[in-house]
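Please look through the structure shown here, with attention to one strand and its neighbours, and then to the ligand.

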Amino acid sequence: MKNEILITGGAGYIGSHAVKRLLKENYVVHVLDNFTTGRRQALENLKKYGDVRIIEADLRDGEALKKALRADNMANVSTALHFAGVLSVSESMQNPYKYFQNNVLGSINLLETLREAGVKNIIFSSTCATYGNSQYLPIDEKHPQQPTNPYGESKLMVEKAIRWYAELFGVHFVIFRYFNVFGSDPDCDIGYSSLPATHLVQSAVRGALGLSPFKVTCADNFKTRDGTPVRDYIDVIDLVDAHFKAVKYLESGGDSDIFNLGTGKGFTVYEIVDQVEKTVGNKFDRIPGEVRLGEYAEVYANYDKAREKLGWNPSTSLETGINNLVRWFRKYPDGLKN
Ligand SMILES: NC(=O)c1ccc[n+]([C@@H]2O[C@H](COP(=O)([O-])OP(=O)(O)OC[C@H]3O[C@@H](n4cnc5c(N)ncnc54)[C@H](O)[C@@H]3O)[C@@H](O)[C@H]2O)c1
């Protein structure tokens, strides 16, 4: 009998890459999604790899969730990968309600529903935005968590709720704090469909290909190499590899734990733009802009713990990840359909 797994947000950017990996590892994958930013076509494109079962439901609706995830249809599921959520730092500064509602209420509804359905393991997508301004670099998992925006705060609140469910009900968890995710499936079955793109690499690639307007209007008065903010960019294929390793880790009785997922290297905004220009072959003007609300100077990860306990090592270069995005956006300039 095949193992089964639940993936929330499996129609989204990162979640769909995880669905593909788990299908290829021979799991039956139950995808729960409300298809706000997720795409049905992503799941259609993945059906050739195995058995994908779609559960259309909204995490904010606790009662609907209980009907969707019952002890009977979850009977063979021991692990849930929880990607569903909303994730724009700047939007969270305008509309914190949306962030607390989707990310916090949605996640505690899920925790309670999984408890009732008997699903014991959860792997949660948290973020380096829970750390806030770096007090030292590289950032390890013990770094103080002082979010500077409601998005980071919402994820920190969920981390705490998960720890309580572990303590009170024996839930086993892996919490992953992602740094900046980029890249795309090398086969171009799935990729980045959130338009307008909000992430730097994705936006710059679209700009370079002439698909969307893109201006390099970043503040350049931070205390970094070239004045622009430094971030750690982790390729989505490496990221989902960590999730697969975490599934195996929890299924073989590993202790609950928290891991950074980054590369340990930081790139400035201008360095990213340089690499995109090199790959695509055009040039952008650089126009210094204002510091955005909640923005910080420099963040990159110490990922020793994931390497030591999960045997995880990111191996995709910035160049390869950008190349995959270029191929993806050439194939699907308007993203996948809903
Ligand atoms: N992309 C990044 O750089 C990054 C960095 C750190 C953390 N994360 C986290 O990773 C996760 C996935 O991010 P992504 O980039 O794939 O985003 P995405 O928007 O592509 O995917 C989110 C998915 O969740 C679904 N969803 C949202 N709210 C829902 C709800 N209330 N009920 C049911 N489904 C819902 C959406 O339809 C979508 O399919 C998020 O939790 C995000 O906070 C992402």
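The paragraphs below begin with a strand and end with the surroundings of the ligand.

In this predicted model, strand β6 covers residues 172–178, and because seven of its seven residues are buried, the strand is largely enclosed by the rest of the structure. Its side chains point in two directions, with His172, Val174, Phe176 and Tyr178 on one side and Phe173, Ile175 and Arg177 on the other, and the residues of both sets are all buried.

Strand β5, which spans residues 121–127, pairs with β6 in the parallel sense through seven bridges, and within this pairing asparagine 121 stands opposite histidine 172 of β6. To pass from β5 to β6 the chain goes through helix α6, residues 150–169, and the resulting β-α-β crossover is right-handed. Strand β6 is also joined to strand β10 (residues 257–261), and these two strands run parallel with five bridges between them; here isoleucine 175 of β6 is placed opposite isoleucine 258 of β10.

Turning to the ligand, 29 residues surround it, and the closest of them are Gly9, Gly12, Gly38, Gly85 and Val181. Two or more residues of this shell come from each of the elements α1 (13–24), α5 (96–117), β5 and β7 (180–182), with α1 giving the most, namely three residues. By residue class, the shell around the ligand is made up of 11 nonpolar, 15 polar and three charged residues. Strand β5 thus appears in both parts of this account, as it pairs with β6 and is also among the elements that give residues to the shell around the ligand.

Methods. Residues numbered from 1 in each chain as written. Predicted model: local features only at pLDDT ≥ 70, side-chain atom pairs only at ≥ 80, totals over all residues. Buried ≥ 20, exposed ≤ 12 C-beta atoms within 10 Å, placed from the backbone. Helix = DSSP H or I, 4+ residues; strand = E, 2+ residues; numbered from the N terminus. Pairing = 2+ DSSP bridges. Right-handed = clockwise from strand over helix to strand, strands pointing away. Near = placed C-beta within 6 Å. Nonpolar A, V, L, I, M, F, W, Y, C, P; charged D, E, K, R; others polar.
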